[in-house]
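Biologist: Please give me a close look at the side-chain pairing in this model, with the place of each partner and its exposure. Add whatever else bears on how the parts are held together.

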Amino acid sequence: MSISYELLENFGKKSLLSPESNVIMNAVIKNGIKSVTLNNDPVKKLTNIFSNDIKTGKITSQGKSGRCWLFAGLNMLRRKTSEELKLKDFEFSQNFLMFYDKIEKANYFLNNISETENEDIYSRIIMWLVKDPLQDGGQWDMFNNLIKKYGVVPSSVMPDTFHSRESREMNRLLTLKLRMYAGELREMKKEDVLSKKYAERKEEMLLEFYRMLITFLGRPPEKFDFEYRNDDNIYYREENISPGEFRDKFVKINTDEFVSVINAPTFDKPFNQTYTVKYLGNVTGGKEVLYLNVDKSELKRLALAQLDDGEPVWFGCDMDPGVDSKSGTMSSDLYLAAEALGTSLTMEKGARLLYGESALNHAMMFTGVNTVDGLPDRWKVENSWGEKSGKDGFFVMDDKWFDENTYQVVINRKYLNREQIKSLSAEPVVLPPWDPMGSLALMK
């Protein structure tokens, strides 16, 4: 059908507003739908008091970058390191891992371009690869790859730069360079260039890319001296230590023991099955992204078990619906947009994934939970948007929001049951790169 003038005229007659609806329309026009429909009941109800509250360090800020997954991961590691060093405000360098994530993603991308040399330039695979090869986002297993390969350093050794905190223009220029490389490599394959010359050119590309990264992010240290005065006012000095040695000495968590558990309730992903995603990763030769899919009750049980042992939980969610960053409230009842618009705006979690309405786009940490008769009613969330966001940097999530918008928790294997442990050893189902679970945590 086409839209005729007569049809529009009919719509207009059928859409005459009541006095109450007219008031709502004018309020929305002037102030915006979120301001008008904010429901203060959840804001008042979700107090920042928890029966289980894990002590953490100062709130961090990722700036205008999509490094939430790196911040959440390093915040998870720093808790025990801070206790060991007796430094309450200790912080790992997120810029250090960002640097190596970028160079690894560049290499990963070029290898994928080589692997797909026979694909037509307009194929869905090629279009997917070149669409966004160097965004800031990532996943837990990608974080683990960086930690295991490169180690960590204190933030004082490689502090943030302008472009680590405001990455948009850096990413635009680096992406432009990668697309240039992709075109050149595909042309070289067409011309049947000798494999040795092809490999040499790829190495030259990576060297040029590395030099660009240094300009944006600074040079990562190979060795450094670590000096500090702890909270007891005692001075310490570690001389000529490498990032790997620093990790081995001061990181007290074995990241290999943790697995990504997801809740993706779609028809094509049976529970208690493992999944991976084609072309999703950063370190060539590193651990592939691996998910164990469970129902939402199991996702919650595992998160509670880890928190009950005093260990925070890295988690991934859709940060778009039902969030007020000013108050730090996360509630499915936070906005009354459906009531204001006089329509239904509800989709099941699986349908939202399948039809592009929802995706895992942000990573944070659970650092507490409030339970009543053993059941959670609100969760404490440590974000990485600075102290001015939320309640001194922390957010409070109601349990319904957890069910609807939390997609992933990173859990120590010891909390999994036998069936889940067994599932981890099975060959994962390989999902296409455009699958909903191929999204990355990258919200700014």
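Modeller: What follows goes through the salt bridges pair by pair, then turns to a polar contact, the cysteines and a surface patch.

The model is predicted, and a search of the whole structure finds 37 salt bridges in it. Side chains of opposite charge can pair when their charged atoms come close.

I begin with the pair Arg237 and Glu227, since the backbone around it can be described as well. Strand β2 covers residues 224-229 and strand β3 covers residues 235-241; the two pair in the antiparallel sense over 5 bridges. Together β2 and β3 make a hairpin, with 5 residues between the strands. In the turn, Asn233 has a positive phi of about 65 degrees. Across this pairing, Glu227 is placed opposite Arg237 in β3. The side chains of Arg237 and Glu227 also form a salt bridge, in which the closest N and O atoms are 2.8 Å apart. Because Arg237 belongs to strand β3 and Glu227 to strand β2, the pair ties together parts that are 10 residues apart in sequence. Arg237 is partly exposed, at 36% relative accessibility, and Glu227 is partly exposed as well, at 46%.

Two further pairs involve helix α10. In one of them, the side chains of Lys189 and Glu117 meet in a salt bridge with an N to O distance of 3.5 Å. Lys189 lies in helix α10 (residues 168-190), while Glu117 lies in the loop between α6 (94-115) and α7 (124-131), so this salt bridge ties together parts that are 72 residues apart in sequence. Lys189 has a relative accessible area of 33% and is therefore partly exposed. Glu117, at 32% relative accessibility, also counts as partly exposed.

In the other, Lys177 and Glu208 form a salt bridge through their side chains, at 3.5 Å from N to O. Here Lys177 is in helix α10 and Glu208 in helix α11 (residues 195-217), so the parts tied together are 31 residues apart in sequence. Lys177 counts as buried, at 16% relative accessibility, because the limit for buried is under 20%. Glu208 is partly exposed, with a relative accessible area of 31%.

Salt bridges also occur as a network, which links Arg79, Lys80, Glu83 and Glu311.

A polar contact can be added to these pairs. The side chains of Asp435 and Lys269 are joined by a polar contact of 3.0 Å. Asp435 lies in the segment after β14 (429-431) and is buried, at 8% relative accessibility.

As for covalent links, a disulfide is a covalent bond between the sulfur atoms of two cysteines. With a cut-off of 2.5 Å between sulfur atoms, the count comes to 0 disulfides. Cys68 is in no disulfide, and the nearest cysteine sulfur, that of Cys317, is 8.6 Å away. Seen from Cys317, the closest cysteine sulfur is that of Cys68, and the 8.6 Å between them is too far for a bond. Cys68 is buried, with 0% relative accessible area, and Cys317 is likewise buried at 0%.

Last comes a feature without charged partners. Ile3, Tyr5, Leu8 and Phe11 make up a nonpolar patch on the surface, and their accessible area together is about 510 Å². Leu8 belongs to helix α1 (residues 5-14) and is partly exposed, at 46% relative accessibility.

Definitions and conventions
Residues are numbered from 1 along each chain as its sequence is written. This is a predicted model: local features need pLDDT of at least 70, side-chain atom pairs count only at pLDDT 80 or more; totals for chains, interfaces and linings use all residues. Side-chain values use heavy atoms; hydrogens and water are left out. Buried means under 20% relative accessible area, exposed over 50%, partly exposed in between (1.4 Å probe, protein chains only). Two strands pair if DSSP finds at least two bridges between them. Helices (H or I, at least four residues) and strands (E, at least two) are DSSP runs, numbered from the N terminus. Patches are made of residues with over 30% relative accessible area and no salt bridge: like charges are joined within 9 Å, nonpolar side chains (Val, Leu, Ile, Met, Phe, Trp, Tyr) within 5 Å. Accessible areas come from the Shrake-Rupley method with a 1.4 Å probe; for residues, only the protein chains shown count as cover. A salt bridge is a side-chain nitrogen of Lys or Arg within 4 Å of a carboxyl oxygen of Asp or Glu. A polar contact is a pair of N or O atoms within 3.5 Å; within protein, one must be able to donate a hydrogen and the other to accept it, and residues adjacent in sequence count only if both atoms are side-chain atoms.
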